[in-house]
Amino acid sequence: MAIGTFGVISGQGFAGVVGPLVEVPVLVTLVYVSLALRRWYPGFATSATTP
């Protein structure tokens, strides 16, 4: 939508295309890092089931 509105050369079009291509892998990596580090968090419960 941003490319159609502002053009291919615009910063908005560039951010609309490159932003998700960078943002999604970074967020997925943060999820994997947080899951790997959760055993060092003192408040983490080892049981997956809660009442």
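In this predicted model, Val17 counts as partly exposed because its relative accessibility is 40%, where buried means under 20% relative accessible area, exposed over 50% and partly exposed in between (1.4 Å probe, protein chains only). Val17 lies in helix α2 and joins Leu21, Val22, Val26, Leu27 and Leu30 in a nonpolar surface patch with about 540 Å² of accessible area together.

Helix α2 comprises 27 residues (residues 11-37), and its end C-alpha atoms are 37 Å apart, which agrees with the 39 Å expected at 1.5 Å a residue, the span being 1.5 Å times one less than the number of residues. A bend of about 30° occurs in α2 at Val18, with Pro20 following within four residues; the angle is taken between axes fitted to the seven residues ending there and the seven starting there.

Of the 51 residues of the protein chain, 4% count as buried.

Residues are numbered from 1 along each chain as its sequence is written. Local features need pLDDT of at least 70, side-chain atom pairs pLDDT 80 or more, while totals for chains, interfaces and linings use all residues, and side-chain values use heavy atoms, without hydrogens and water.

Conventions: Helices (H or I, at least four residues) and strands (E, at least two) are DSSP runs, numbered from the N terminus. Patches are made of residues with over 30% relative accessible area and no salt bridge: like charges are joined within 9 Å, nonpolar side chains (Val, Leu, Ile, Met, Phe, Trp, Tyr) within 5 Å. Accessible areas come from the Shrake-Rupley method with a 1.4 Å probe; for residues, only the protein chains shown count as cover. A salt bridge is a side-chain nitrogen of Lys or Arg within 4 Å of a carboxyl oxygen of Asp or Glu.
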